[in-house]
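Student: I have a structure to go through. Can you help me justify the terms people use for it?

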Amino acid sequence: MSQVKHVAVLVGSLRKESINKKIALALAKLAPSSIKLEIVEIGDLPLYSEDIDVTPAPAQYTAFRNKIKAADAVLFVTPEYNRSVPAALKNALDVGSRPYGQSAWSGKPGAVVSASPGAIGGFGANHHLRQSLVFLNIPCMQQPEAYISNAGTIFEESGALTERTKGFLQSFIDAYADWVMLQTRTPK
Ligand SMILES: Cc1cc2nc3c(=O)[nH]c(=O)nc-3n(C[C@H](O)[C@H](O)[C@H](O)COP(=O)(O)O)c2cc1C
């Protein structure tokens, strides 16, 4: 039987009541047994500067890089800020990409979920993020795409997901698990 693959989940919002964080936690519950999702915190990473990224690197940088390196795959769940990626998430991408030649990201199968209370579901952030993922050599699942619009309405008062969104997220995470298994298989 295949070994369980560990997925580092990066949430683009630092907000306590973040809709995106709730979606990430819901995905962790819906994930099939072949993958295990764990949120890696990005809020404590100092803003990237080559001036501070010297030996010894800031402890937060080292801990973050080690967590990404230890993961088999990476999943991004993010809001859109001004039609782009929130600064905290871009900062995390930059931190993980250095030191030069030792990127923590390279080759980890990825996927992007964007969610917004607005009508276009964070499409701009989703695709700006994909631009960086190409350069970082994160092979990104193409389909299904996940732009969760009207995200203020996807949770019932009880906190449970509406059945429609739950069904969509289930099909998304099942497809992502297949993508991770495909990308991490050992060639014969
Ligand atoms: C600085 C800032 C910029 C934003 N820009 C956008 C935007 O471009 N498009 C959009 O749909 N929502 C935008 N929003 C609204 C967010 O989608 C909304 O606050 C969302 O709930 C944030 O996600 P979260 O609940 O996971 O924190 C913006 C919010 C902030 C704070």
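Tutor: Start with Asn150. In this predicted model, Asn150 is found in the loop between β5 and α5.

Student: Why is Asn150 called partly exposed?

Tutor: Its relative accessibility is 41%. Buried means under 20%, and exposed means over 50%. The value for Asn150 falls in between, so Asn150 counts as partly exposed.

Student: What is the phi of Asn150?

Tutor: Phi of Asn150 is near 45°. That is a positive value in a residue other than glycine.

Student: Where does Asn137 lie, and why is Asn137 called partly exposed?

Tutor: Asn137 lies in the loop between α4 and β5. Its relative accessibility is 45%. Partly exposed runs between the cut-offs of 20% and 50%, so Asn137 belongs there. Phi of Asn137 is positive too, near 60°.

Student: What makes the bond between Gln143 and Pro144 a cis peptide bond?

Tutor: Look at omega: it is about 0° for that bond. Pro144 lies in the loop between α4 (123-135) and β5. A cis peptide bond also joins Arg98 and Pro99, again with omega about 0°. Pro99 is in the loop between α3 (87-96) and β4.

Student: Which residues have the most contacts inside the largest nonpolar core?

Tutor: They are Ile23, Leu27, Leu75 and Tyr176, in a core of 30 residues. Elements that each supply at least two residues of this core include β1 (5-11), α1 (19-30) and α5 (163-184). A second, separate core has 25 residues, among them Ile68 and Leu133.

Student: What does Leu27 touch, beyond residues up to four places away in sequence?

Tutor: Leu27 touches Leu37, Leu75, Val77, Val113, Leu169, Phe172 and Ile173. A touch here is a contact, which means heavy atoms within 4.5 Å.

Student: How do you know that Ser116 makes a polar contact with the ligand?

Tutor: A polar side-chain atom of Ser116 lies 2.6 Å from an oxygen atom of the ligand. The cut-off is 3.5 Å between N or O atoms, so the pair qualifies. Backbone atoms take part as well. A polar one of Ile19 is 2.9 Å from a ligand oxygen. A polar one of Asn82 is 2.8 Å from a ligand nitrogen.

Student: How much of the ligand does the protein bury?

Tutor: Taken alone, the ligand exposes 620 Å², and the protein buries 70% of that. The shell around the ligand has 4 nonpolar, 5 polar and 3 charged residues.

Note on methods
Residues numbered from 1 in each chain as written. Predicted model: local features only at pLDDT ≥ 70, side-chain atom pairs only at ≥ 80, totals over all residues. Heavy atoms only, no water. Core = buried A, V, L, I, M, F, W, Y, C linked by side-chain atoms within 4.5 Å. Buried < 20%, exposed > 50% of the residue type's maximum accessible area, 1.4 Å probe, protein only. Helix = DSSP H or I, 4+ residues; strand = E, 2+ residues; numbered from the N terminus. Polar contact = N/O pair within 3.5 Å; in protein donor to acceptor, adjacent residues only side chain to side chain. Areas by Shrake-Rupley, 256 points an atom, 1.4 Å probe, with all protein chains shown as cover. Nonpolar A, V, L, I, M, F, W, Y, C, P; charged D, E, K, R; others polar.
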